[in-house]
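Thanks for coming. I will walk through one structure for those who have not seen it before, so please have the display open.

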Amino acid sequence: MKKILHHSHFQAEAFGHGGEKRTAQIVEHYKNLGYDIVELEIKYNKSLSIITLCKALKLILCVYGISHFKNLIPFLKFWKSIALSLSSTEKYFNQDIDFFVWESVVDRYYYLPYLAKKHHVKVIAYPHNIESLVPDYSINSPTLKQRQFIREMEVLRMCNEVQSISRFDNSLMQLMGVNSMFFRYLPPSEFKNYLQRIKTQRVNKVEKNRYLILGTAHNPPTRKGMIYLIDKINQMSFTEDIQFIFAGYGTEQLKQFLNSPSIQIKGSLSKEDLETEMIYCTALLVYQPSTTGALTRISEFLVAGIPVFVNAEAAHSHYEMEGVNVYSNFNEFEQILNSLKSNLNTE
């Protein structure tokens, strides 16, 4: 049987968060192609030898360079971690496998494609975004971000293929010499069937002027976008016949920004409560500042038959999809909502 090696941050979970769903999609994709999937587990030995310490040091210097580390303590901890896990990791790459599917495209695991190539294993990377360009408010140095971006591109150029979740990421990586292709996120089959059932239940149940804003407020770009959206809704002075429902992990923290009777903060939702919101909402409303990656919930809501209103910066992987309504600024956004409201009120 055909066999591949796979490594991801996330468990393959069709009903999980966005990262888990993307992993579930990729795992399902290869299973449907007839591959047996072997998960790469980072296992640690209990003891160290001089030989493994030297091999680990050589690996770190080849992949990262000594200047990568800000001070001695992080370097020593990383060196120890690599040395303790190196023998078991190399055993994985010594198997008879067709190729290595690498999802954990972050700095911590940049050494994995290097080891794969050392053992003559083809690498296909599936980055969930361009990690170095995701807004990180703890890193304020453009020079540091530029160095991180260049290093990330160097690692991705090492891979035989890169499958991008985002059209924007795909184009940017191609410009940087990465062998990148666009592999759109679509819900894994189990979750897709669930969404299609919601679509059926929405018939004759959709409420007028009820907009759902869904996301994890602990994520910096999502939180920033939600706060900005709340501020704009506050300024627009909508009446209570239009409702904006904010929901998702951490959204409870956004109550301090409210100043409009049109906004409700629901916080984290159970599966049942989220299903209810999806059945009755008029549309999904999205505002997110520029970042990399793609919003998985846009594709999911479209499968459920729910229209999506999304700002241009967040729509770059979904422009051509039926049901996607793109607005470029908040004046345009308000006009769209008022037009929709008028249309609904005449039904």
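A cavity, as I use the word today, is a set of grid points where a 1.4 Å probe fits but cannot get out. What you are looking at is a predicted model. By that definition, the structure holds two cavities of 30 Å³ or more. The largest cavity has a volume of about 40 Å³. Its lining is made up of I213, L214, T222, M226, L285, V286, Y287, Q288 and R297. Three elements give two or more residues to that lining: β7 (210-214), α8 (220-236) and β10 (283-286).

One of those lining residues, R297, also turns up in the list of buried residues of helix α10. That helix covers residues 296-303, and eight of its eight residues are buried, so α10 is largely enclosed by the rest of the structure. The residues in question are T296, R297, I298, S299, E300, F301, L302 and V303. Just after the helix comes G305, with a positive phi of about 75°.

Now to the other end of the numbering. H6 belongs to strand β1, residues 2-7. Is H6 buried or exposed? Its relative accessibility is 3%, and because buried means under 20%, H6 counts as buried. Which side chains does H6 meet in polar contacts? One is E39, at 2.8 Å, and another is E103, at 2.7 Å. Setting aside neighbours within four places in sequence, H6 is in contact with T23, V27, I37, V38, E39, L40, F100, V101 and E103.

Next, the aromatic rings. Across the whole structure, a search finds 18 aromatic pairs. Take Y35 and F99: their ring centres are 5.3 Å apart and their planes stand at 70°, so this pair is edge-to-face. The cut-off for that label is over 60 degrees. Y35 is in strand β2 (residues 35-39) and F99 is in strand β3 (residues 99-102), 64 residues apart, and the pair links distant parts of the chain. Both Y35 and F99 are buried. F99 has a further partner: the charged end of K122 sits over the F99 ring, 6.0 Å from its centre. A second such arrangement has the charged end of K271 over the ring of Y194, at 5.2 Å from the ring centre. There is also an aromatic cluster, formed by Y64, F69, F75, F78, W79 and Y110.

Two single residues remain. S88 is placed in helix α3, residues 72-93. With 13% relative accessibility, S88 counts as buried. A polar atom of the S88 side chain lies 3.0 Å from the backbone oxygen of S85. As background, an α-helix has 3.6 residues a turn, so residues three or four places apart point the same way. S88 and Y44 are 44 residues apart along the chain, yet their C-alpha atoms are separated by 7.5 Å.

The other residue is N129, in the loop between β4 (123-125) and α5 (142-158). A polar atom of the N129 side chain lies 3.3 Å from the backbone nitrogen of E131. Not counting residues up to four places away in sequence, N129 touches V134, E152, D169, T292 and G293.

That is the tour. Questions are welcome.

Notes:
Residues numbered from 1 in each chain as written. Predicted model: local features only at pLDDT ≥ 70, side-chain atom pairs only at ≥ 80, totals over all residues. Heavy atoms only, no water. Helix = DSSP H or I, 4+ residues; strand = E, 2+ residues; numbered from the N terminus. Buried < 20%, exposed > 50% of the residue type's maximum accessible area, 1.4 Å probe, protein only. Polar contact = N/O pair within 3.5 Å; in protein donor to acceptor, adjacent residues only side chain to side chain. Contact = heavy atoms within 4.5 Å. Phe/Tyr/Trp six-rings, centres within 6.5 Å; stacked < 30°, edge-to-face > 60°. Lys NZ or Arg CZ within 6 Å of the ring centre and 35° of its normal. 1 Å grid on protein atoms, 1.4 Å probe; cavity = no way out; pocket = protein on both sides within 12 Å on 5 of 7 lines; lining within 4 Å. Points joined across faces, edges and corners; volume = space filled by probe spheres on them.
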